[in-house]
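Biologist: I've got the model open and I'd like to go through the labels one by one. Can you walk me through the reasoning behind them?

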Amino acid sequence: MNDQTGPEDIRNKQHRQGRLADSGDFPKVILLDTVSFCNLRCSMCFHKDMKRQRGFMSEALYAKIIAEVAQRNPRARVWLVFFGEPFLLKNRKPSIFDMISHAKQQGLEDVVLNSNANLMDEAASRSLIQSGLDAIYIGLDAFSPEVYAKIRIGGDYARTVANVRALLRLKAECGAQKPAVYVQFVEMDANAHEKEAFVEFWQREGANVKIRPKVSWAGMVEAPNLVLGNEARWPCYWAMQEVVPLVVESP
Ligand code: SF4
C-alpha cells in the first residue's frame, strides 16, 4: 500500500472526485443531525465532551429539508446523521428506515449513513436493504478486540464484526446492489500496525475499505499527523461544499 502522494497527485485526485468544482448555489453535501447523541465514546471523537442537548430532529423539519433537497438538488449526497448514531433511531417513529425510505421516495439519489454498527442487528440490516439506502460507512478502526477496545470505547468488537458480515451476507442472499458497504479505519498510532490485516480481511469479505487520516475536529482532538508545512495533507474542502443543519427538537 503506497501512501506517498505529492501535492500534484492530491490535486488531481480531488479534481477527479469533483471536490474542486464550484458548488453553485446549493450544497453538494448535506449532513442532517437527526439524532444528536451516540452510544460510544471513541478516542478520536470529541462527542464525549460535547455539551449540546440530546435529542432528535422533528419529523416535520426532516420532511421539509428533504423536500427542499428534492427540489433544488436531488443528486446531493445526504448523510442522515452527522454526530449521532443512526441505529438509536431504529425503534422510534419515524425510524431511521422510514426516514431513508421517505428520502428515496422523494427522489434523492445519494442517501447515506455512517454508523458504529453495534446496534445493527439482522432485522436492522434487512430493513436497511429494503429502505433503498445507497451506502453505509461503518467505523471499525481495528482488527483485534484489544485495539478496538482502546479506540471504540463502549463498543463490542465481536458483535460489530458479526453485524457487518451479516449485512454483507444478507445483501448477497437478496441479490441487492445497495447499500454499498464501507468499513472505515481512521489511522492512528494505536492501530497503524493492524491496517494491512484490516484491509486484507474486509476486502476478502466483500466490503469497500476506506482508510482515512485522523482529523482534529477544529482542534478538539489531538491529531499530531496534521502538522503545518505537511504538503501531503489534503486541504479541507468541507466548509466550501457542505451544510450541516444542527437542530435538536425533541428530547
Ligand atoms: S461512534 Fe462515531 S460519533 Fe459515536 S463516539 Fe464513535 S466516532 Fe464519535
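Biologist: Let's start with the ligand. Which residues are around the ligand?

Modeller: Keep in mind that this is a predicted model. The residues around the ligand are Cys38, Leu40, Arg41, Cys42, Cys45, His47, Phe83, Glu85, Asn116 and Gly139.

Biologist: And what makes a residue count as near the ligand?

Modeller: The C-beta atom, placed from the backbone, has to lie within 6 Å of the ligand. By class, that shell has five nonpolar, three polar and two charged residues.

Biologist: What about the overall picture: how many helices and strands are there in the chain?

Modeller: The chain has eight helices and seven strands. Of the 251 residues, 29% are buried. Among contacts between residues at least 6 apart in sequence, 79% join residues at least 24 apart.

Biologist: Now the helices. Why are α3 and α4 called roughly parallel to each other?

Modeller: It comes down to an angle. The axes of helix α3 (residues 96-105) and helix α4 (residues 122-131) cross at roughly 10 degrees. Angles under 35 degrees count as roughly parallel, so α3 and α4 get that label. Their axes also come within 9 Å.

Biologist: Which residues in α3 meet which in α4?

Modeller: On the α3 side you have Phe97, Ile100, Ser101 and Lys104, and they meet Ser127, Leu128 and Ser131 in α4. Sorted by class, this contact has three nonpolar, three polar and one charged residues.

Biologist: Ile100 is in that list. What makes Ile100 count as buried?

Modeller: Just a neighbour count. Ile100 has 26 C-beta neighbours inside 10 Å, and 20 or more is what it takes to be buried, so Ile100 counts as buried. This helix α3 residue touches Leu80, Val111, Ser131, Gly132 and Leu133, leaving aside residues up to four places away in sequence.

Biologist: Then there's Met99, also placed in helix α3. Is Met99 buried or exposed, and how do you know?

Modeller: Buried, by the same kind of count. Met99 has 25 C-beta neighbours inside 10 Å, and with the cut-off at 20 or more, Met99 is therefore buried. Not counting residues up to four places away in sequence, Met99 touches Thr34, Tyr62, Leu80 and Pro94. As for Ile66, it sits 33 residues from Met99 in sequence and 9.5 Å away in space, C-alpha to C-alpha.

Biologist: You mentioned Pro94. What is the peptide bond from Lys93 to Pro94, cis or trans?

Modeller: Cis, with omega near -5 degrees. Pro94 is in the loop between β2 (77-79) and α3. Another cis peptide bond joins Lys178 and Pro179, where omega is about 0 degrees. Pro179 is found in the loop between α6 and β5.

Biologist: Arg159 is in helix α6 (residues 157-174). Why is Arg159 called partly exposed?

Modeller: Arg159 has 14 other C-beta atoms within 10 Å. Buried needs 20 or more and exposed needs 12 or fewer, so Arg159 falls in between and is partly exposed. Arg159 lies 8.8 Å from Ala117 in space, C-alpha to C-alpha, with their positions 42 residues apart in sequence.

Biologist: And Ala117 itself: why is Ala117 called buried?

Modeller: The count for Ala117 is 29 other C-beta atoms within 10 Å. Against a threshold of 20 or more, Ala117 is therefore buried. Ala117 is placed in the loop between β3 (110-115) and α4, and has a positive phi of about 65 degrees although it is not a glycine.

Biologist: What is phi of Asp141?

Modeller: Near 65 degrees, a positive value in a residue other than glycine. Asp141 is in the loop between β4 and α5 (145-151). With 27 C-beta neighbours inside 10 Å, Asp141 counts as buried.

Biologist: Last one, the strands. How do you know that β4 and β5 pair?

Modeller: Two strands pair if there are at least two bridges between them. Strand β4 (residues 135-139) and strand β5 (residues 180-187) have five bridges, in the parallel sense, with Ile136 opposite Val181 in β5. β5 also pairs in the parallel sense with strand β6 (residues 208-213), over six bridges, and there Val186 stands opposite Arg212.

Notes:
Residues numbered from 1 in each chain as written. Predicted model: local features only at pLDDT ≥ 70, side-chain atom pairs only at ≥ 80, totals over all residues. Helix = DSSP H or I, 4+ residues; strand = E, 2+ residues; numbered from the N terminus. Contact = placed C-beta atoms within 7 Å. Axes fitted to C-alpha atoms, helices over the stretch in contact; angles between N-to-C directions. Parallel < 35°, antiparallel > 145°, perpendicular 65-115°, else oblique. Nonpolar A, V, L, I, M, F, W, Y, C, P; charged D, E, K, R; others polar.
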